Amino acid sequence: MDAPFPTGIILDDTNYQLWSQLMEMRIGARNKLGFLTGSTAKPESGEKQIENWLTENNHVKSWLIDSMSPNLIPRFIRLKKTKEIWDAVAKTFYDGTDEPQLFELNRRSFSTRQNGRTLTSYYNELIGIF
């Protein structure tokens with residue numbers, strides 16, 4: 001379990017589709033897909049079982065976080081469960097509808113800068129994008 005986890009690709013604002021497929025494949029190959037789907041639920045009782053689950057959950061979370069570009073990490077690192085990270089990333093980058101429009105909105109949201117404007121003006125532009 002402590003072997004290096006080769007990602008081969010780093011998640012950024014342009015490559016969610018490829019990244020998610022690669023991560024799902026590699027995590028599944030390590031028999032940890034249940035942490036992404038939520039089927040490997042946190043035990044209700046038993047200190048040893050909970051401790052083991054937390055350790056495994058943290059392993060898979062670290063694989064996800066380690067495969068993200070540095071500017072994305074703060075958005076997801078505080079989530080407690082692997083599934084929460086997986087779902088939040090999916091919601092951020094893909095909703096299953098109009099891919100070109102989603103790509104453009106994601107690109108705009110990541111490239112928008114305050115550039116001397118008032119905070120209100122900058123915030124309103126971001127709200128318009130989202």
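Here's a short walk through a predicted model, one selection at a time.

**Stop 1: W53.** Start by selecting W53, which sits in helix α3, residues 47–66. Is it buried or exposed? W53 is buried: its relative accessible area is 9%, and the cut-off for buried is under 20%. Now show its contacts. Leaving out residues up to four places away in sequence, W53 touches F35, T40, A41, K42, P43 and K81. Pick T40 from that set and check the backbone: the C-alpha atoms of W53 and T40 are 8.4 Å apart, with their positions 13 residues apart along the chain.

**Stop 2: the positive patch.** Two of the W53 contacts, K42 and K81, lead you outward. Add R78 and K80 to the selection, and you have a surface patch of positive charge made of K42, R78, K80 and K81. Zoom in on K80, in the loop that links α4 (73–76) and α5 (82–93). K80 is exposed, at 66% relative accessible area.

**Stop 3: N31.** Next, jump to the loop between α1 (16–29) and α2 (33–37), where you'll find N31. Take a look at its backbone: phi is positive, about 60°, even though N31 is not a glycine. N31 counts as exposed because its relative accessible area is 68%, and exposed means over 50%.

**Stop 4: N115.** Last, select N115, in the loop between α6 (99–111) and α7 (119–129). What does phi look like here? For N115 it is near 45°, again a positive value in a residue other than glycine. N115 is exposed too, with a relative accessibility of 67%.

Methods
Residues numbered from 1 in each chain as written. Predicted model: local features only at pLDDT ≥ 70, side-chain atom pairs only at ≥ 80, totals over all residues. Heavy atoms only, no water. Patch = residues over 30% accessible without salt bridge, like charges linked within 9 Å, V, L, I, M, F, W, Y side chains within 5 Å. Areas by Shrake-Rupley, 256 points an atom, 1.4 Å probe, with all protein chains shown as cover. Salt bridge = Lys/Arg side-chain N within 4 Å of Asp/Glu carboxyl O. Lys, Arg positive; Asp, Glu negative; His and termini not counted. Charge placed at Lys NZ, Arg CZ, Asp CG, Glu CD. Helix = DSSP H or I, 4+ residues; strand = E, 2+ residues; numbered from the N terminus. Buried < 20%, exposed > 50% of the residue type's maximum accessible area, 1.4 Å probe, protein only. Contact = heavy atoms within 4.5 Å.
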